[in-house]
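Load the model in your viewer, switch on the cartoon, and keep the selection box handy. We will walk from the backbone to a few side-chain contacts.

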Amino acid sequence: MFGCGLFYKGVPKPGEFCYVLAKPPECLYVDFENKKLVWEGVEYPLDEKLRMDYFFHKNEDLFELTVATVNRVEIKNLSTSNFNQFYMRKKDKFAEIPKGSSKDETKH
């Protein structure tokens, strides 16, 4: 019908997103369809709040991952107000999906 993408109902393709203000850039991997995030080598399950908003726990803190566009995500720490960063999609494609460990001691 309309090709403008305004009513796009799918989820973004999985991929690597990087915070480019850090040197070297800090990257994470998000698989939206399977609702998982690999950040700092640890895999976190994503709980869907809305179609493009997700929650996850990292240690004792509650985080929110928001899809701003298919090429940009934002992560906020909802437990403390000292973390709010945008990550941009990395242009080169992953050869394989990274495997995160389950070293996060808190299971929510």
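Here is a short tour, stop by stop, with something to select at each one.

**Before you start.** This is a predicted model, in which local features need pLDDT of at least 70 and side-chain atom pairs count only at pLDDT 80 or more, while totals for chains, interfaces and linings use all residues. Residues are numbered from 1 along each chain as its sequence is written, and side-chain values use heavy atoms, with hydrogens and water left out.

**Stop 1: the sheet.** Colour the strands (DSSP runs of E, at least two residues, numbered from the N terminus). You will find an open sheet of nine strands in the order β4-β3-β2-β1-β9-β8-β7-β6-β5, with antiparallel pairing. At the edges are β4 and β5, each of which pairs on one side only. Two strands count as paired if DSSP finds at least two bridges between them. Neighbouring strands are turned by 30 degrees against each other on average, direction ignored; the axes behind this angle are lines fitted to C-alpha atoms, and angles run from 0 to 180 degrees between N-to-C directions.

**Stop 2: the β3–β4 hairpin.** Select residues 36–39 and 42–45, which are β3 and β4. These two strands form a hairpin with two residues between them, and Glu40 in the turn has a positive phi of about 55 degrees. Their antiparallel pairing runs over four bridges, and Trp39 has Val42 in β4 as its bridge partner. Now show the side chains of β4: Val42 and Tyr44 point to one face and are buried, whereas Glu43 and Pro45 point to the other and are not. Buried means under 20% relative accessible area, exposed means over 50%, and partly exposed lies in between (1.4 Å probe, protein chains only).

**Stop 3: from the turn to β6.** Stay on Glu40 and add Lys58. The two form a salt bridge, with the closest N and O atoms 2.8 Å apart. Because Lys58 lies in strand β6 and Glu40 in the loop between β3 and β4, the pair ties together parts that are 18 residues apart in sequence. The rule for a salt bridge is a side-chain nitrogen of Lys or Arg within 4 Å of a carboxyl oxygen of Asp or Glu, and by it the count comes to four. Which end of this pair is buried and which exposed? Lys58 is buried at 13% relative accessibility, while Glu40 is exposed at 54%.

**Stop 4: β6, β7 and β5.** Next, select β6 and β7, which pair in the antiparallel sense over six bridges. His57 stands opposite Leu62 in β7. Further along, pick Glu64 and Lys49, a salt bridge with its closest N and O atoms 3.2 Å apart. Glu64 sits in strand β7 (residues 61–69) and Lys49 in strand β5 (residues 47–50), so this contact ties together parts 15 residues apart in sequence. Glu64 is buried at 10%, and Lys49 is partly exposed at 44%.

**Stop 5: β1 and its long-range partner.** Select Glu16 and Lys90, whose side chains meet in a salt bridge at 3.3 Å, N to O. Glu16 is in strand β1 (residues 15–19) and Lys90 in the segment after β9 (84–89), 74 residues apart. Glu16 is buried at 16% relative accessibility; Lys90 is partly exposed at 32%.

**Stop 6: the disulfide.** Finish with Cys18 and Cys27, joined by a disulfide with an S to S distance of 2.0 Å. The cut-off for a disulfide is a pair of cysteine sulfur atoms within 2.5 Å, which gives a count of one. Measure the torsion about the S-S bond: it is 100 degrees, and the link is right-handed. Cys18 is buried at 6%, and Cys27 is partly exposed at 27%.
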